[in-house]
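Hello,

Here is the structure I promised to pass on to you. Have a look at it first, and then read my notes below.

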Amino acid sequence: MAFPVGFGWAAATAAYQVEGGWDADGKGPCVWDTFTHQGGERVFKNQTGDVACGSYTLWEEDLKCIKQLGLTHYRFSLSWSRLLPDGTTGFINQKGIDYYNKIIDDLLKNGVTPIVTLYHFDLPQALEDRGGWLSESIIESFDKYAQFCFSTFGDRVKQWITINEANVLSVMAYELGMFPPGIPHFGTGGYQAAHNLIKAHARSWHSYDSLFRKQQKGMVSLSLFAVWLEPADPNSVSDQEAAKRAIKFHLDFFAKPIFIDGDYPEVVKSQIASMSQKQGYPSSRLPEFAEEEKKMIKGTADFFAVQYYTTRLIKYQENKKGELGILQDAEIEFFPDPSWKNVDWIYVVPWGVRKLLKYIKDTYNNPVIYITENGFPQSDPAPLDDTQRWEHFRQTFQELFKAIQLDKVNLQVYCAWSLLDNFEWNQGYSSRFGLFHVDFEDPARPRVPYTSAKEYAKIIRNNGLEAHL
């Protein structure tokens, strides 16, 4: 089962989750520094990313892991507040530039292509203090930051992700308040943040397109999180409609404006408008794009970057009481099939990724697709011989192979999450996604390969699986 020639095999990390060095060498605080230092059990056992994997001082160790796997690509993110401590170009931290220059140069020296994410949930605290993603002023701040990164690193970086999982960030941070700043705004905050995230992405794509593309010849997109969603009762028309609606609210909310026509899906606009009216709002809680903005947003991605972990069943759930919230606006309820195996929130459904990829191909005019994250966790303490987890990976690769061969999906890169066990947001260090085990009790933070790392290295060497479909 050989994958196409030149297929990209990668692993991914994110700055706050691995770097540590939270206040080292002039780095400014980010929202996760503030959030975790406030305690209050928002994170498992009040753990923080202050040290994490120590990658800020142990990059050489990470590089050894990358070489051991034989990766063709490595996806990592830049810490906005390490480069620009207050989020603006008013003060530029040279030590931060030096750190990322070394990573990029070392990767290229070893034949590994960097895929660089500008922003992976770790907003500089100084910008959050001015309203964060709820404030329209963030659009210009992000665009200036993006231009700074393109001009500083773009001579060598050719694959950019502007914003990681904008759909997760808007909901977790500004709708539910589970991510920093930790203040819920049910039914309004998620939409306002999403609106600004889409415009910020589009602005920065245009900056790249007009100022850097001709010379640097790179590609820019954003990554979207996608759960595959199936009707709970395939024979129920209301469940079928609910599942379609759920995908519109979840994935197409961001993808349709950017890839198709600059505007939200019709069903999303009509559901939110009708709920808002019933709730006595003078207009829809979903902000509208002006015609000029639609033109600016349309077509601002050079490939489709998607992050798949799991699948859910969807049931129609009428919002009789007129409650506020995104699920209530969509009138859906979601849950797993009881027969699916799970670790925490991830239910292992490898066939879901094939259905998702086919949906993206059919809905978005057969784009080049990168899977920028996919993985399976182990609970701590995690056995090094993680054969069961590797079996989930193997089944996923079989589904990817079918998607490429049978569905003719244009999948070009696969990034495993994650290179290392790391700080998994609210779950702290209790959930281990790494291909390499990290001992967080040992100050040296040794990296030891799991069985899945050794097996993944074989897949990369063979450019695919040895077994048959």
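**Two helices that cross**

Let me start with a helix pair: the axes of helix H5 (residues 94–109) and helix H7 (residues 137–153) come within 11 Å and cross at roughly 50°. Please keep in mind as you read that this is a predicted model. Two packed helices are described by the angle between their axes and the distance between the axes. An angle counts as oblique when it falls outside the ranges under 35, over 145 and 65 to 115 degrees, and H5 and H7 are therefore oblique to each other. The crossing in which H5 passes H7 is right-handed.

Which residues in H5 and H7 meet? On the H5 side they are Ile97, Tyr100, Asn101 and Ile104, and on the H7 side Phe148, Thr152 and Phe153. Sorted by class, this contact of H5 with H7 has 5 nonpolar and 2 polar residues, with no charged ones.

**The largest pocket**

Next, the open space. The largest pocket holds about 1,200 Å³. Its lining is made of 46 residues, and those closest to the centre of the pocket are Val168, Val171, Met172, Phe225 and His250.

Several elements each supply at least two residues of this lining: helix H8 (166–175), helix H9 (189–216), helix H10 (237–261), strand S8 (311–316), helix H13 (326–330) and strand S9 (332–335). Which of them gives the most to the lining of the largest pocket? That is H8, with 6 residues. As for chemistry, the lining of the largest pocket divides into 29 nonpolar, 12 polar and 5 charged residues.

**Enclosed spaces**

How many cavities of 30 Å³ or more does the structure hold? There are 3, and the largest cavity has about 80 Å³ of space. Among the 14 residues that line the largest cavity, Thr13, Val18, Phe76, Tyr99 and Ile103 are the closest to its centre. Helix H1 (15–18), helix H3 (59–69), strand S2 (73–77) and H5 are the elements that give two or more residues to this lining. So H5 turns up again here, after its contact with H7. By class, the residues that line the largest cavity are 9 nonpolar, 3 polar and 2 charged.

The second largest cavity has about 50 Å³ of space. Its lining consists of Ala15, Tyr16, Glu19, Gly20, Trp22, Lys27, Cys30, Asp33, Gly49, Ser79, Arg82 and Asp122. Of these lining residues, 4 are nonpolar, 3 polar and 5 charged.

**Backbone details**

Finally, a few spots to find along the chain:

- The peptide bond from proline 180 to proline 181 is cis, with omega near 15°. Proline 181 sits in the loop between H8 and H9, and both of those helices also supply residues to the lining of the largest pocket.
- A cis peptide bond also leads from aspartate 380 to proline 381, here with omega near 0°. Proline 381 is found in the loop between strand S13 (378–379) and helix H15 (387–405).
- Asparagine 365 is not a glycine, yet it has a positive phi of about 60°. This asparagine 365 belongs to the loop between helix H14 (350–363) and strand S12 (369–373).

Happy browsing, and do write back with any questions.

Best wishes

Notes: Residues numbered from 1 in each chain as written. Predicted model: local features only at pLDDT ≥ 70, side-chain atom pairs only at ≥ 80, totals over all residues. Heavy atoms only, no water. 1 Å grid on protein atoms, 1.4 Å probe; cavity = no way out; pocket = protein on both sides within 12 Å on 5 of 7 lines; lining within 4 Å. Points joined across faces, edges and corners; volume = space filled by probe spheres on them. Helix = DSSP H or I, 4+ residues; strand = E, 2+ residues; numbered from the N terminus. Nonpolar A, V, L, I, M, F, W, Y, C, P; charged D, E, K, R; others polar. Axes fitted to C-alpha atoms, helices over the stretch in contact; angles between N-to-C directions. Left-handed = near helix turned anticlockwise from the far one by under 90°. Contact = heavy atoms within 4.5 Å.
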